[in-house]
Amino acid sequence: GRDVVMQQYYLEGIWQQHINTIVSFKFYVKSQTGQPQDTNFPITAVMEGPARYEAEVARAEVVGEYDINFINPPVEGDFQMHVYVGGREMYLWLVQLRDKQQHGTGTVQFFVDGPGFGGGEAQKETFINVNVRDLQGKPVDVDRMNIKVFVGSPLAQNKAKITHEELGLYRATFTVPRKGQTPIDIRYLGNSIMRPPMMVMFW
């Protein structure tokens with residue numbers, strides 16, 4: 001089998017979700033060159049906080065794509081979600097579980113795509129798209145100033161330029177100065193929507 005470290009991992013989902021529903025995330029596995037591929041290792045996930053929940057993980061219909069589902073967790077609170085590949089922790093994500101009645105209106109979900117998501121050439125301008133949806137999956141606008149994208153290590157971070165392209169679509173444009181694995185940290189209202197940040201290869 002392939003070494004766990006020789007693959008890249010991405011997590012997609014909402015950091016604020018509701019109790020007594022299926023709390024779901026997408027987990028993507030890619031090769032070093034950014035091609036989707038399956039992993040030979042078991043993927044497991046747990047949420048820990050005021051209670052502990054184990055996820056059901058299933059491969060989706062698409063190569064390299066897995067569904068992580070927590071079935072109807074009943075307890076509100078702040079949780080850390082850990083994703084393990086072959087027993088090694090690959091992702092830590094903060095999740096807030098809330099009662100639907102209290103927090104039904106302020107919840108948005110994020111989907112990230114665009115060429116910068118798959119890596120690219122260093123010193124060449126690229127972009128990622130941050131798509132904002134409401135819980136019904138419809139595009140929704142938020143204050144552009146609340147979305148920030150930081151590229152590179154904390155010591156040498158560039159802030160991407162954020163533009164509002166259309167309803168629910170924000171584009172972060174940036175240039176990566178050096179070759180290598182580069183963290184991209186997407187924040188909404190000061191909270192990273194991916195923990196740890198996405199690691200993207202530039203060459």
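Here are some friendly notes on the sheets, core, aromatic pairs and loops of this predicted model.

1. **Ground rules.** Because the model is predicted, local features need pLDDT of at least 70 and side-chain atom pairs count only at pLDDT 80 or more, while totals for chains, interfaces and linings use all residues. Residues are numbered from 1 along each chain as its sequence is written, and side-chain values use heavy atoms, with hydrogens and water left out.

2. **The five-stranded sheet.** Let's begin with the open sheet whose five strands follow the order S2-S9-S8-S4-S5, with mixed pairing. Strands here are DSSP runs of E with at least two residues, numbered from the N terminus, and two strands pair if DSSP finds at least two bridges between them. Strand S2 (16–18) and S5 stand at the edges with a single partner strand each, so one side of each has no neighbour in the sheet. Direction ignored, neighbouring strands are turned by 30 degrees against each other on average; the axes behind such angles are lines fitted to C-alpha atoms, and angles run from 0 to 180 degrees between N-to-C directions.

3. **S8 and its two partners.** On one side, S8 pairs with strand S4 (residues 43–48) in the antiparallel sense over six bridges. Within this pairing, alanine 45 has valine 83 as its bridge partner, and threonine 44 has tyrosine 84. S8 is also joined by nine bridges to strand S9 (residues 88–98), again running antiparallel. There, tyrosine 84 stands opposite glutamate 89. The S8–S9 connection is a hairpin with two residues between the strands, and glycine 86 in the turn has a positive phi of about 60 degrees.

4. **The four-stranded sheet.** A second place to look is the open sheet with the order S10-S11-S15-S14 and antiparallel pairing. Its edge strands are S10 and strand S14 (161–166), each of which pairs on one side only. The twist from one strand to the next averages 25 degrees. S10 and S11 run antiparallel and are joined by five bridges; one pair of bridge partners is phenylalanine 111 and asparagine 131 in S11.

5. **The nonpolar core.** Which residues touch the most other members of the largest nonpolar core? They are Phe27 and Phe70, in a core of 51 residues. A nonpolar core is a set of buried Ala, Val, Leu, Ile, Met, Phe, Trp, Tyr and Cys residues joined through side-chain atoms within 4.5 Å. Strand S3 (residues 22–31) gives the most to this core, with five residues. Leaving aside residues up to four places away in sequence, phenylalanine 70 touches residues including Ile22, Val23, Ala45, Tyr53 and Met81, where contact means heavy atoms within 4.5 Å.

6. **Aromatic pairs.** There are seven aromatic pairs in the structure. Rings of Phe, Tyr and Trp (its six-membered ring) pair if their centres lie within 6.5 Å; planes under 30 degrees apart count as stacked, over 60 as edge-to-face and the rest as tilted. Tyrosine 53 and phenylalanine 79 are a tilted pair, 5.8 Å centre to centre with 35 degrees between the planes. Tyrosine 53 lies in strand S5 (residues 52–54) and phenylalanine 79 in strand S8 (residues 77–85), so the pair ties together parts 26 residues apart in sequence. Tyrosine 53 and phenylalanine 79 are buried (buried means under 20% relative accessible area, exposed over 50%, partly exposed in between, with a 1.4 Å probe and protein chains only).

7. **A longer link, and a cluster.** Phenylalanine 110 and tyrosine 188 also form a tilted pair, 5.1 Å centre to centre and with 55 degrees between the planes. This pair links strand S10 (residues 109–113) to strand S16 (residues 180–188), with its residues 78 apart. Phenylalanine 110 and tyrosine 188 are both buried. Do also look at Tyr9, Phe27 and Tyr91, which form one aromatic cluster.

8. **Two loop residues with positive phi.** Asparagine 72, in the loop between strand S7 (65–71) and S8, has phi near 50 degrees, positive in a residue other than glycine. Asparagine 72 is partly exposed, with a relative accessible area of 40%. Glutamine 123, in the loop between S10 and strand S11 (126–133), has a positive phi near 65 degrees. Glutamine 123 is exposed, with a relative accessible area of 64%.
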